[in-house]
Amino acid sequence: MTTFDANTKGIFVNGEWREAKSGETEVVDNPTTLEKLTEVSNGDFDDATDAIDAAYEAFPEWSKMSPRKRSKILYRAYELMMEDVDRLGEILTLEQGKPLKEAKGEIKGAASFLQWYSEEANRIYGELIPASREGNRQFVLPQPIGVVGAITPWNFPSSMITRKCGPALAAGCTVVLKPAMETPLSAIEIAKIFEKAGLPKGVFNLVTGKAQEIGEAFLTNDKVRKITFTGSTEVGKYLMRESADQLKKVSLELGGHAPILVFEDADLETAANLTLASKFRNAGQTCICANRVYVQESIKEEFSKVLLEKVKQLNVGNGLNDGVDIGPLINENGTEKVQDHLNDATDKGARILCGGTKWDGEYEGHFFEPTLLDNITDDMKVMNEETFGPLLPLQTFKTEEEAIKAANNTKYGLAAYFFTENLDRTFRVSEALEYGMVGVNEVFPSVAEAPFGGIKQSGFGKEGGHHGIDDFVVKKLVTISGKK
Ligand code: NAP
């Protein structure tokens, strides 16, 4: 099994690995066993400023490098990641807790963004616009925006990084990354991969450490022209407010509250399997995972019976062990939040069909049993706030109109799903759902080739697809006066 040094350097600035200037470190523990894995540099404002300076210095050369050369380096990074899936997956499970199979899946997904953007680097096209003034020529030149400050969460510690850094680097930007302090080890591995792949010094910089201070360095330093953030809606709003002062370009991938609608014409087995996959993947700690399920009244009994049997079969335990489906939550706050949503629901009349308690197994970590709830009312917290844990409420609806209204009744707008075998309904409901992403008989929208992102208070900006490049380029109009 992978072991770690007592101290791990988490600051990578201008091609050099180092400790925090203050000498401070922060413990990283294993959420399954609560044992200490290592201590990582606890960087601050000064470390972040050094990293920004390095990225700023590296920008002119990197942005002018031919896309082909940038592409080659990104492709090499993709290859290095794929060659090391087993070890990287294990590190991810150790620091984050998700089952190894999911962790390896995440590493492959993370690598796929590097592959995709190594290809997209070659296809950042401009535009030639026919001029109304005779003789003039005008064209639109896409150029990299400059230094990017990237902030990522702990729930997908690898893929959230490459989904941002892939397009940023492909476009010719330089990057300072601040990963979540719960999961800095995957970020450190990615920095090593970029180093090994031949990324020039200063093009990618990493600062593990104090969120508030590193964030402040990004927000107050004019050299940072773009902030790309994945995390909670609350922190996203703060970053947007504070970016206003220097009018930085911002993109925000924030929280969600995904509904699943199961219509009476659905294939129930598929609907149950995918509801299970959507809700309980990563122990329910996924921004796009189902937070509430609405089932048409006529099939409610049958559907909940099928789903209940499947939920009962989920194995909770150490993600490194074979056959484990559900690992721990990331920390105690995580289990407390699930417990709070559960208590609130049962106080208001919900019935527990299975689970309903913290897992009392052989590991010390932050486990919660997969839980299914019935007798749900719309005023319950679980129907309105992101639960981020393995708790699933089953609500019913009578008509399609009622289902759409309920699904849209939220401040979030990230992902929504529905199950039907009816073609007309597929179009009608897809068009009516107010979400950035809709899945029809499908619950996994995050792939390298397609634009991922929300609307409403789930944020804005797209990651993935050729669209992912847009957030990292500015478009310059060049007008040339000429004779006919
Ligand atoms: P979070 O508390 O907002 O933290 C996310 C990142 O922001 C972490 O790196 C965190 O650092 C940093 N951060 C916190 N406060 C900051 C500040 N004042 N200034 C600068 N950075 C700051 O969110 P989380 O609890 O880690 O992640 C879960 C949330 O992310 C959920 O709401 C989930 O839905 C959302 N999410 C969204 C997507 C998407 O694509 N839409 C994907 C994944 C997750 P520390 O960890 O060091 O505090």
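**View 1. Salt bridges across the predicted model.** The count of salt bridges in this structure comes to 30. The model is a predicted one. One of these salt bridges joins arginine 18 and aspartate 50 through their side chains. The N to O distance is 2.8 Å. Arginine 18 sits in strand β3, residues 16–18. Aspartate 50 belongs to helix α1, residues 45–64. The two residues lie 32 residues apart, so this pair links distant parts of the chain.

**View 2. An open sheet of three strands.** The strand order is β1-β5-β4. Pairing in this sheet is mixed. Which strands form the edges? They are β1 (7–8) and β4 (25–29). Each of these edge strands pairs on one side only.

**View 3. Where β1 meets β5.** Strand β5 covers residues 36–41. It pairs with β1 in the parallel sense. Two bridges make up this pairing. Look for threonine 8, whose bridge partner in β5 is valine 40.

**View 4. Two domains in one chain.** Domain 1 takes in residues 11–254 and 458–478. Domain 2 spans residues 258–447. How far apart are the centres of domain 1 and domain 2? Taken over C-alpha atoms, the centres are separated by 31 Å.

**View 5. The interface of domain 1 and domain 2.** On the domain 1 side, 26 residues make contact. They meet 28 residues of domain 2. Together the two domains bury about 2200 Å² between them. Carbon and sulfur atoms account for 58% of that area. Three residues of domain 1 deserve a look: Thr32, Trp154 and Ser458. They supply 24% of the area that domain 1 buries against domain 2. No other three residues supply more.

**View 6. Polar contacts between the domains.** How many salt bridges run between domain 1 and domain 2? The count is zero. Polar contacts are found here, however: eleven residue pairs across the interface. Both residues of each pair have pLDDT 80 or more.

**View 7. The domain 1 side of the interface.** Two elements each give two or more residues to the side that touches domain 2. They are α3 (85–96) and α4 (100–120). Helix α3 gives the most, with five residues. What kinds of residue make up this side of domain 1? Nine are nonpolar, nine are polar and eight are charged.

Key
Residues are numbered from 1 along each chain as its sequence is written. This is a predicted model: local features need pLDDT of at least 70, side-chain atom pairs count only at pLDDT 80 or more; totals for chains, interfaces and linings use all residues. Side-chain values use heavy atoms; hydrogens and water are left out. Domain bounds come from an automatic or database domain assignment. Contact means heavy atoms within 4.5 Å. Buried area is the accessible area (1.4 Å probe) that two parts lose on being put together, summed over both. A salt bridge is a side-chain nitrogen of Lys or Arg within 4 Å of a carboxyl oxygen of Asp or Glu. A polar contact is a pair of N or O atoms within 3.5 Å; within protein, one must be able to donate a hydrogen and the other to accept it, and residues adjacent in sequence count only if both atoms are side-chain atoms. Helices (H or I, at least four residues) and strands (E, at least two) are DSSP runs, numbered from the N terminus. Ala, Val, Leu, Ile, Met, Phe, Trp, Tyr, Cys and Pro count as nonpolar, Asp, Glu, Lys and Arg as charged, and the others, Gly among them, as polar. Two strands pair if DSSP finds at least two bridges between them.
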